Protein chains: 2
Amino acid sequence: MLSANDPSLKTWVEVPADSDFPVQNLPFGIFKPKIGTARAGVAIGNYVLDLQEMAQLGYFDTLHLKDHAVFSQPYLNDFIALGKSACQQVRQRISELLRHDNAKLQDNYEHRRKVLLYDTEVHMQLPVKIGDYTDFYSSMEHATNVGTMFRDPANALLPNWKHLPVGYHGRSSSIVVSGTNFHRPNGQYKTPDAALPGFGPSQQLDFELEMAFVIGQSTELGEHIPVTKAEEYIFGMVLFNDWSARDIQAWEYVPLGPFLGKNFASSISPWIVTLDALEPFRVPGPVQEPQVLPYLQSSGQRNYDIHLEVSILPDKGSEKVVCRSNAKYLYWNIAQQLAHHTVNGCNVTIGDVYASGTISGPKADAYGSMLELTWRGTKPLLLADGSERKFLHDHDTVIMRGFGKKDGNRIGFGEVRGKVLPAKEI
Amino acid sequence: MLSANDPSLKTWVEVPADSDFPVQNLPFGIFKPKIGTARAGVAIGNYVLDLQEMAQLGYFDTLHLKDHAVFSQPYLNDFIALGKSACQQVRQRISELLRHDNAKLQDNYEHRRKVLLYDTEVHMQLPVKIGDYTDFYSSMEHATNVGTMFRDPANALLPNWKHLPVGYHGRSSSIVVSGTNFHRPNGQYKTPDAALPGFGPSQQLDFELEMAFVIGQSTELGEHIPVTKAEEYIFGMVLFNDWSARDIQAWEYVPLGPFLGKNFASSISPWIVTLDALEPFRVPGPVQEPQVLPYLQSSGQRNYDIHLEVSILPDKGSEKVVCRSNAKYLYWNIAQQLAHHTVNGCNVTIGDVYASGTISGPKADAYGSMLELTWRGTKPLLLADGSERKFLHDHDTVIMRGFGKKDGNRIGFGEVRGKVLPAKEI
């Protein structure tokens, strides 16, 4: 039996050549059909496979899952809670049913009509109920850029940065799914020459290009997840836009970290790509020097070669790609992040989201935020319509995309997009 | 009809003279009886009133609540979601049924046996499912002490401190109910003279004396809660111990704030005292100078005169009160905290917990953490058994208590306690 990842697999479903969702991907998400309640689905080409219908039609009967109701929930948490092995069996089963030489579903047109929906006819939802959300700061290029701009170019990285994956707790309630627009945040900020802080809509609204992993197995308070076991606790990954109001953030963040400069909205892509599907894209991470403490030591290929890009789409105009980066640049890998997060006994819960922090690359066009791309507004970006941007304008849409490509196969994340609406009056 | 707060009310239930839970309090919580599942209860003297039984016996029928199942849930969230008016009606109804001149429940011994349980025979649970948890930093005395020790006595408060209630996101998953013991956290820390960070059990484990409020009404992303309406969104308050590992925190916290130094455990008291029950204890807050921005301006009495104390109980020995403080000292009140938190459109959810930050008073015995009480370990505390403490030892239990007292009536929170177990081996 070929694995669900095998590059030679072909499917009877029509999949466009450059689709993010070939039969080797099969990411999980939650969608609402035109009629009916939210349920679990899998992306294949331009279609969404309805797992509630698949279960009800008996296609998963041979798997002996504990519970088929997990496909009819508004979040994937209960499905994920079946365990990694059960989720892998479901993905493998779907892979088999979609293969070009498998007639079972292929030749049953009534079933096909029920289970395969055009992606334009469904509404994607937040895929998981998120308990806690943590944002790391794991790109050395990003931390160096920020340290250079705001502190001291000669000592851009703070003393702790190479010893631990710095992170902070973010806001779960304001994480929204791709396509959810939000209002420019109001808040306090203080210009350097002002005696007192002012109040109003943020003038320095930014994006941050990130990826995030979703927890697949919970722990009890007091448990530690070692680096070598961390991947067993991770279900999969998404794209993540950590919208940031730089002026609010700069004024509020000492000494306890970012707060209102971040928690007005964060956007995630709707499809969770499983770690299994990302296996082909493993690469070694950067050399870590000085050597990290034993509980953080990591061997093997724990980074992922995932191309990332960010576009800005003005209200009337066309998209312009303003950043091309790659997840492989991250200094701290996801196993190290999770090992660090739990070394003190902090418990994790299925559905938790752990974001990477802005993923900047070494070159100036690989910087993952406008703060860095425009170097604090000193080098405005030129958009497709000839207009300039130091930071985001009202009605700008930001679109992030990501994919791995190897041996002619492409495994993608789709996109995460969001539009800036004008600030509300306070 | 007398209000549930009326100081003249008497109950037929035996209530000890100095109880935190007279008939004027009636706080809500979740408990597990010896046999049966977790459910809602109300504290009265040394008893717990079983609201699931009360509902099933028809005592709430006249209230026409949407749903009686809310009393049979493992969290209060669904009860709280009935709305402030419904919760007030339930509290008022319970108050009436418990009054000395009301025979209905008083004379029905079979019902009394079913609904009134000794508090020693139940297990208190976390009262709410917590979505997000935020910790503020709202005591000027605490912020000044910390700034003096770690930065600059002449500029102890950072420039933003008097302009906004500084806060940060904490970890929801590791919030535990009183009585839950936890292991001393392992982590990285670096002594000033060491070249590299070390790893091991925290050597500077501390408590932080705080109070927290629980959200009673959710908002949508983009909504702002003004100061004048904030109390409508608050269900009630609890005691909160924000356990802190000072050595881990000091090394990790730049630039993104506290993380593993906090998220190994935070403890809350099991009974949520409603804002209604705290009405008699309203007092004006400190004068805020310089004047705050309009969205933070607050009039009337929005602080609460609640006596707070902290005891340390060594493994073999007796309790020693090491701190006596008061919630009235807080510079930023809860309405300002919530108005600030939502001014950027951040949404709140029923069950969210918002803690005050350490509540220190002006005198040295009113400091709300060992960091301050021992002035960074330079002035050890003397315990009842003659032993000294710079920070907490293994097997130490910390107990916090709080109550308001006025016109001979005492409205209390009970206690929040937790014991430090030895670190686990990594």
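A residue counts as exposed when its relative accessible area is over 50%, and as buried when that value is under 20%. With these cut-offs in mind, the tour may begin; the model in the viewer is a predicted one.

**First stop: two residues of chain A with positive phi**

Select Asp407(A), which sits in the loop between strand S25 (397-406) and strand S26 (409-421) of chain A. Its phi is near 55°, a positive value in a residue other than glycine. Is Asp407(A) buried or exposed? Its relative accessibility is 63%, so Asp407(A) counts as exposed.

Next, select Leu26(A), in the segment before strand S1 (28-32) of chain A. Leu26(A) is not a glycine, and its phi is positive, near 55°. Its surroundings may be checked in the viewer: Leu26(A) has a relative accessible area of 0% and is therefore buried.

**Second stop: two cis peptide bonds in chain B**

Move to chain B and select Val254(B) together with Pro255(B). The peptide bond that leads from Val254(B) to Pro255(B) is cis, with omega near -5°. Pro255(B) belongs to the loop between helix H7 (246-252) and strand S16 (266-268) of chain B.

Then select Glu289(B) and Pro290(B), whose peptide bond is cis as well, with omega near 5°. Here the proline, Pro290(B), is in the loop that runs between strand S18 (282-283) and strand S19 (303-304) of chain B.

**Third stop: the cysteines**

How many disulfides are there over all chains? The count comes to 0. A disulfide requires two cysteine sulfur atoms within 2.5 Å. Select Cys346(B) and Cys346(A) to follow one case: the closest cysteine sulfur to that of Cys346(B) is in Cys346(A), at 20 Å, and this is too far for a bond. Cys346(B) is also buried, at 0% relative accessibility. Selecting Cys323(B) shows another buried cysteine, with a relative accessibility of 1%.

**Last stop: the nonpolar cores**

In soluble globular proteins, nonpolar side chains tend to be buried together. To view the largest nonpolar core of this model, select Phe207(A), Leu278(A), Phe207(B) and Leu278(B), the residues with the most contacts inside it. This core has 150 residues. A second core, separate from it, has 51 residues. To find that second core, select Leu51(B), Leu82(B), Leu98(B) and Phe240(B), which are among its members.

Terms used:
Residues numbered from 1 in each chain as written. Chains lettered and ligands numbered in written order. Predicted model: local features only at pLDDT ≥ 70, side-chain atom pairs only at ≥ 80, totals over all residues. Heavy atoms only, no water. Helix = DSSP H or I, 4+ residues; strand = E, 2+ residues; numbered from the N terminus. Buried < 20%, exposed > 50% of the residue type's maximum accessible area, 1.4 Å probe, protein only. Core = buried A, V, L, I, M, F, W, Y, C linked by side-chain atoms within 4.5 Å.
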